[in-house]
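I opened a fresh page for a structure I hadn't looked at before. Here are my notes, in the order I looked things up.

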Amino acid sequence: MSSRVQAVRGMNDVLPEESARWAFLHVRARQVLQAYGYREIRLPLVERTELFRRAVGETTDVVEKEMYCFEDRNGENLALRPEGTAGCVRAGIEHGLLHHQHQRLWYSGPMFRRERPQAGRYRQFHQIGVEAYGMAGPGIDIEVIALSARLWQKLGLRGLRLQLNSLGSETTRYQYRADLVTFLQRYHDALDPDSQRRIATNPLRVLDSKVPATQAVLSDAPLILDYLDKAARSHFEFLCRGLADLGVEYEVNHRLVRGLDYYTDGVFEWVTAELGSQGTVCAGGRYDHLVEQLGGSSTPATGFAIGLERLGLLMKAQEMSVPDRAPQVYFCWIGDSARVVALREGERLRSACPNLRLIVHTEPMGLKAQLRKADRSGAQLALVLGENEEAAGGVQVKSLRGDYENLLVPWPDLVTTLTSRLGVEPSDQTEGLF
Ligand code: HAM
């Protein structure tokens, strides 16, 4: 036997059982996004490396050590996208979507970061991202947070906590950074080596450290909220009041600084205690300078992204059931002429009843073995077509689950029998968009 090729570490297959959860999540997310007037944008997985250097920031972990970069055959330096905001802004500028306009956009798909894989942290992971452009007031920040809260409610998720902070303006951060550096230098020796290094490169990120010794030092660190100017303070206060007014509970987390450089003003994360150290399932905030920084005209912006793997893990931890997508009917047949009829009648059933989930058996096999397969598929009904049924002009409907008697049903009555037994709508009213 030849040796097997294994999947790349941190890049996971989503198997059918798991993908049902993902499909459910996508359908619910689409419903919520449409309810707020957000429109989908589909973006490439590969962008110029420079885009992320300029957008996410040279000294961030993502750019410094986590990007998958490669040189294209023509010498261009390209990267697998580590996140979606930069590409969304790039596309918005390129197609004139942002200039003097209000835009509400969303995207979904895989992102790539070469992090150390662990539960909830992967090298290929998936996000649903939401971005709103052209709106400077805190109303839109309240909207995107309310949207995310509605999604948790729609999914039936419990126990997610909203954490808020404000990073203020550039001047705020400049002044705060200077004071924070002075503070951190005073406690230099008590910090972990990574944090010591960050004092020079990205001191705000020290606030994010999970190392207990560093956290102990940070309990006395200056608070960025004390540095906000009048405009930033009033933006943040309005945001907090607006959320309270909508009944969205939050807590202020002074250490919330985010790992990407483009943020300004209000930032937030939705966290759960049920996923260990990778408990942030959704994160975002305002990034008012990024559009200009990437060559567009000055455009306020805000948004967030949800980590789908983490949401999936949380759904599993909370034992949430997702709609069953098993086939409902399994069509068995005996003999070559019955196979032709089964394939033809199968197509007819799918045309007449697009919501029906039907498997038509395809390989020659004894009836007993076919019925075993039918049972294992999870179907509720089996159709059996043999010589007798063919001669009688119909098919046998056999109950695999539940207490119904087996019936010989003439072909013209089959759709009615199946739809009434299974409770499916014969018409083409798909419950979602997938
Ligand atoms: P982020 O905080 O880097 O923000 O990622 C958002 C979410 O993606 C995280 O909260 C987490 O749930 C998930 N995530 C990130 N990295 C991984 C990973 N290695 N494995 C599994 N899940 C992960 C952004 O990406 C921003 N673009 C969000 C944003 C949009 N801000 C404004 N607009």
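The entries below go from the whole protein to the ligand, then to salt bridges and a surface patch.

**Entry 1: the whole thing**

First note to self: this is a predicted model. I started with the overall dimensions, and the C-alpha atoms fill a box of roughly 90 × 55 × 45 Å along the principal axes. Next I looked up the secondary structure and found 15 helices and 16 strands. Then I checked burial: of the 434 residues in the protein, 51% are buried.

**Entry 2: around the ligand**

How many residues surround the ligand? I got 26, and the closest are Glu83, Glu115, Glu131, Arg258 and Tyr263. I sorted that shell by class and got 11 nonpolar, 8 polar and 7 charged residues.

Then I went through some polar contacts. Glu131 has a side-chain N or O atom 2.7 Å from a nitrogen atom of the ligand. With Tyr122, a polar backbone atom is what sits 2.9 Å from a ligand nitrogen. Thr280 also uses a polar backbone atom, and here the partner is an oxygen of the ligand, at 2.8 Å.

I wanted to know how much of the ligand is covered. On its own the ligand has 650 Å² of accessible area, and the protein covers 96% of that. I also asked which elements give two or more residues to the shell. They are β6 (124–133), β10 (280–286) and β11 (301–307). The largest share, 6 residues, comes from β10.

**Entry 3: salt bridges**

I counted salt bridges next, and the structure holds 24. I wrote up a few of them.

Arg90 pairs with Glu94, with 3.1 Å between the closest N and O atoms. Where do the two sit relative to each other? Both are in helix α4 (residues 85–94), and because they are 4 residues apart, about one helical turn separates them. Glu94 counts as exposed, since its relative accessibility is 54% and the cut-off is over 50%.

Glu251 and Arg161 meet through their side chains at 3.3 Å, N to O. This pair links distant parts of the chain, as Glu251 is in strand β8 (residues 251–252) and Arg161 is in strand β7 (residues 161–166), 90 residues apart. Glu251 is partly exposed at 32% relative accessibility, and Arg161 is partly exposed at 36%.

I also found a network: salt bridges with shared partners join Asp61, Glu64, Lys65, Asp194, Arg197 and Arg198.

One more pair went into the notebook. The side chains of Glu58 and Arg53 form a salt bridge at 3.3 Å, N to O. Are these two buried or exposed? Glu58 comes out as partly exposed, with a relative accessible area of 46%. Arg53 is partly exposed too, at 35%.

**Entry 4: a nonpolar patch**

Last, I looked at the surface. Leu45, Val46 and Phe70 form a nonpolar patch there, and together they have about 210 Å² of accessible area. I looked up Val46 and found it in strand β2 (residues 46–48). Why does Val46 count as partly exposed? Its relative accessibility is 33%, and partly exposed lies between the 20% and 50% cut-offs. That value is also over the 30% that a patch residue needs.

Terms used
Residues numbered from 1 in each chain as written. Predicted model: local features only at pLDDT ≥ 70, side-chain atom pairs only at ≥ 80, totals over all residues. Heavy atoms only, no water. Patch = residues over 30% accessible without salt bridge, like charges linked within 9 Å, V, L, I, M, F, W, Y side chains within 5 Å. Areas by Shrake-Rupley, 256 points an atom, 1.4 Å probe, with all protein chains shown as cover. Salt bridge = Lys/Arg side-chain N within 4 Å of Asp/Glu carboxyl O. Buried < 20%, exposed > 50% of the residue type's maximum accessible area, 1.4 Å probe, protein only. Near = heavy atom within 4 Å. Polar contact = N/O pair within 3.5 Å; in protein donor to acceptor, adjacent residues only side chain to side chain. Nonpolar A, V, L, I, M, F, W, Y, C, P; charged D, E, K, R; others polar.
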